[in-house]
Amino acid sequence: MPIRLTPLMRQRLTRRALGMITRSLRYFPELKDTAITVGYTRKHLGSATVIFRKGAILRMIIRLKVGKVTYQTIGHELTHLIQGLAHGDRSKPAAMDFERIPSGETQCDIWTLARHRLFCDDAPTYVRMPRLIRENWQNYAASVRELCIAAIEKRHSHRQYIRWLETEIGKLAKAPRKAKPMSAQLTLPFVI
Ligand SMILES: [Zn+2]
């Protein structure tokens with residue numbers, strides 16, 4: 001999938017950020033046939049735009065702040081592109097809607113975290129969570145990701161799946177922290 005850079009981004013892009021974008025795109029096979037334009041923004045959060053002309057994709061653009069960009073932000077913006085693609089795609093019957101990523105910022109966060117643990121390097125912006133979890137994100141990231149995956153499964157039967165997810169995340173903060181199991185090491189036979 002070719003990446004095009006805007007002139008401003010060409011000046012700003014670091015090797016680190018380009019590497020992160022390229023690596024992130026591997027987890028978005030839906031985008032592999034389309035050129036993506038990567039632009040620069042000063043804003044804390046990035047942005048994503050899909051431009052259609054006569055029902056066909058003309059351009060897909062994400063804008064990122066290069067400095068402290070996270071996989072979370074890159075993944076979030078790429079997920080917006082997928083949301084945009086689904087929105088403009090009239091070729092699929094409405095019955096396929098359940099396979100699509102629904103529009104919305106919270107939905108974008110949930111599907112991004114669920115996609116791959118790569119995108120769990122920072123807390124999402126829009127999913128509501130207790131401050132304890134946000135501030136100790138590294139300790140909770142894997143559990144929150146599992147809950148996101150479960151919420152996506154629940155969506156088929158549960159209209160309030162986002163509320164369910166946020167309630168469950170809230171419970172994580174109340175549960176006593178389990179010590180990280182070291183079973184892999186402890187159960188190894190002792191060999192000299
Ligand atoms: Zn967004």
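In the predicted model, strand β1 (residues 3–5) pairs with strand β2 (residues 36–40) in the parallel sense, over 3 bridges. Within this pairing, L5 faces V38 of β2. Strand β2 also runs parallel to strand β4 (residues 56–64), and 5 bridges join the two. Here T37 stands opposite I61 of β4. Strand β4 is joined in turn to β3 by 7 bridges, and these two strands run antiparallel. One bridge on this side links R53 to A56 of β4.

Together, 4 strands make up an open sheet. Their order is β1-β2-β4-β3, and the pairing is mixed. The parallel contributions are β1 with β2 and β2 with β4, while β3 and β4 supply an antiparallel one. The edges of the sheet are occupied by β1 and β3 (47–53). Each edge strand has a single partner, so one side of each lacks a neighbour in the sheet. From one strand to the next, the twist averages 25°.

The helices were examined next. Helix α6 (residues 137–154) packs against helix α7 (residues 161–174). The angle between them is about 155°, and their axes lie 9 Å apart. An angle over 145° counts as roughly antiparallel, and α6 and α7 are therefore roughly antiparallel to each other. The crossing of α6 past α7 is right-handed. On the α6 side, the contact is made by Y140, S143, V144, L147, C148, A151 and K154. On the α7 side, Y161, W164, L165, E168, I169 and L172 take part. By class, this contact comprises 10 nonpolar residues, 1 polar residue and 2 charged residues. The spacing of contact residues along a helix can be read against helix geometry. An α-helix has 3.6 residues a turn, so residues three or four places apart point the same way.

Burial was assessed for helix α4 (residues 105–115). This helix is mostly covered, with 9 of its 11 residues buried. The buried residues of α4 include the nonpolar C108, I110, W111, L113 and A114. Charged residues are also among them, namely D109 and R115. Q107 and T112 of α4 are buried as well.

In outline, the model combines a mixed, open sheet of 4 strands with a roughly antiparallel pair of helices, α6 and α7, and a mostly covered helix, α4.

Note on methods: Residues are numbered from 1 along each chain as its sequence is written. This is a predicted model: local features need pLDDT of at least 70, side-chain atom pairs count only at pLDDT 80 or more; totals for chains, interfaces and linings use all residues. Two strands pair if DSSP finds at least two bridges between them. Axes are lines fitted to C-alpha atoms, for helices over the stretch in contact, and angles run from 0 to 180 degrees between N-to-C directions. Angles under 35 degrees count as roughly parallel, over 145 as roughly antiparallel, 65 to 115 as roughly perpendicular and the rest as oblique. A crossing is left-handed if the near helix is turned anticlockwise from the far one by less than a right angle, and right-handed if clockwise. Two residues are in contact if their C-beta atoms, placed from the backbone, lie within 7 Å. A residue is buried if 20 or more other C-beta atoms lie within 10 Å of its own, exposed if 12 or fewer, and partly exposed in between; C-beta atoms are placed from the backbone.
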